[in-house]
Amino acid sequence: MKIEYEDTFVKVAGLLGGPEYVKVARALLNNENATDEEIASATGLKIKNVRKALYDLYGRSLITGIKVRDPKRGWFVYRWKAQRDQTDSFIQAQRKKILGKLKLRLEYEETHEFYHCNTQTCKTRTFEEAMENFFKCPDCSKPLNRVDNTELKEALKWKIKQLEEELSK
Ligand SMILES: [Zn+2]
């Protein structure tokens with residue numbers, strides 16, 4: 001059976017490294033226990049790029065590599081195999097990481113006041129920074145006004161809730 005798309009393993013590979021990883025991932029699913037060279041010839045990619053993708057996927061525990069002796073040439077080669085059961089836990093781990101970052105950001109937004117001068121190219125300042133500058137923008141000298149971050153906080157809360165629901169499935 002030739003697997004073309006929609007596979008989570010292929011999708012994850014694509015997210016990590018783009019089209020080249022997708023080719024390598026598909027080749028791995030189509031040819032279990034393939035070597036670097038077999039994957040290179042199946043995908044038409046340079047062996048160097050195939051190895052880069054394989055070592056990266058291996059480093060993330062998404063594939064396994066078994067060292068075997070090449071019977072014809074006598075030297076050792078690696079035979080690679082997709083660890084499809086690891087794909088879901090990889091995705092879950094990524095979600096947890098994002099969730100952690102979003103929670104930190106929300107906490108930051110909730111515990112700080114922000115000020116801005118309404119000049120698009122100028123930075124948003126914290127209350128402390130605004131106070132140090134006597135509520136006048138240090139870049140354009142316009143007055144610094146309180147920024148309403150309610151919408152941002154709502155958006156963060158919504159995204160956090162969504163991720164928590166996905167993680168509890
Ligand atoms: Zn300004």
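A salt bridge is a side-chain nitrogen of Lys or Arg within 4 Å of a carboxyl oxygen of Asp or Glu. By that criterion the structure holds 13 salt bridges.

This is a predicted model, in which local features need pLDDT of at least 70 and side-chain atom pairs count only at pLDDT 80 or more, while totals for chains, interfaces and linings use all residues. Residues are numbered from 1 along each chain as its sequence is written, and side-chain values use heavy atoms, with hydrogens and water left out.

**Exercise 1. The zinc site**

Find which atoms coordinate the zinc ion, and determine the geometry of the arrangement.

Step 1. Donors are N, O and S atoms within 2.8 Å of the metal (3.2 Å for Na, K and Ca); water is not among the atoms, so sites may look incomplete.

Step 2. The SG atoms of Cys-117, Cys-122, Cys-137 and Cys-140 coordinate the zinc ion at 2.2 to 2.5 Å. Along the chain, these donors have the spacing C-x4-C-x14-C-x2-C.

Step 3. Cys-117 is in the loop between strand E3 (114-116) and strand E4 (125-126), and Cys-140 is in the loop between helix H6 (127-132) and strand E5 (145-147), so this pair ties together parts that are 23 residues apart in sequence. Helices (H or I, at least four residues) and strands (E, at least two) are DSSP runs, numbered from the N terminus.

Step 4. Four donors count as tetrahedral if all angles lie between 85 and 135 degrees. The angles here are 105 to 113°, so the arrangement is tetrahedral.

Step 5. Buried means under 20% relative accessible area, exposed over 50%, and partly exposed in between (1.4 Å probe, protein chains only). Cys-117 has 2% and is therefore buried, whereas Cys-140 has 27% and is partly exposed.

**Exercise 2. Strand pairing**

State how E1 and E2 pair, and give the order of strands in the open sheet of three.

Step 1. Two strands pair if DSSP finds at least two bridges between them. Strands of a sheet pair through backbone hydrogen bonds, either parallel or antiparallel.

Step 2. E1 (residues 63-69) and E2 (residues 76-82) are antiparallel, with seven bridges. Lys-67 has Tyr-78 in E2 as its bridge partner. Six residues lie between the strands of this hairpin, where Gly-74 has a positive phi near 85°.

Step 3. The open sheet of three strands runs in the order E4-E3-E5, with antiparallel pairing. E4 and E5 are its edge strands, each pairing on one side only.

Step 4. Three bridges connect E3 and E5 in the antiparallel sense, and Tyr-115 is opposite Arg-146 in E5.

**Exercise 3. Salt bridges**

For Arg-73, Asp-56 and Lys-157, name the salt-bridge partner and the distance between the closest N and O atoms.

Step 1. Arg-73 is bridged to Glu-37, with the closest N and O atoms 3.1 Å apart. Arg-73 lies in the loop between E1 and E2 and Glu-37 in helix H3 (residues 36-43), so the pair ties together parts that are 36 residues apart in sequence. Arg-73 is partly exposed at 41%, and Glu-37 is partly exposed at 41%.

Step 2. Asp-56 is bridged to Arg-60 at 2.9 Å between the closest N and O atoms. Asp-56 is partly exposed at 21%, and Arg-60 is partly exposed at 36%.

Step 3. For Lys-157 the partner is Glu-110, with a closest N to O distance of 3.8 Å. The pair links distant parts of the chain, with Lys-157 in helix H7 and Glu-110 in helix H5 (residues 84-111), 47 residues apart. Through shared partners, salt bridges also join Glu-37, Asp-70 and Arg-73 into one network.

**Exercise 4. Two buried residues**

Describe the surroundings of Lys-153 and of Ala-53.

Step 1. Contact means heavy atoms within 4.5 Å.

Step 2. Lys-153 is in helix H7 (residues 150-168). Not counting residues up to four places away in sequence, Lys-153 touches Leu-106, Glu-109 and Glu-110.

Step 3. Lys and Arg count as positive and Asp and Glu as negative; His and the chain ends are not counted. Lys-153 is buried but has no salt bridge, and the nearest side chain of opposite charge, Glu-110, is 5.7 Å away.

Step 4. Ala-53 is in helix H4 (residues 47-59) and is buried, with a relative accessible area of 1%. Leaving aside neighbours within four places in sequence, Ala-53 is in contact with Tyr-21 and Val-24.

How values were computed: Tetrahedral: all angles 85-135°; square planar, octahedral: opposite > 155°, others 65-115°.
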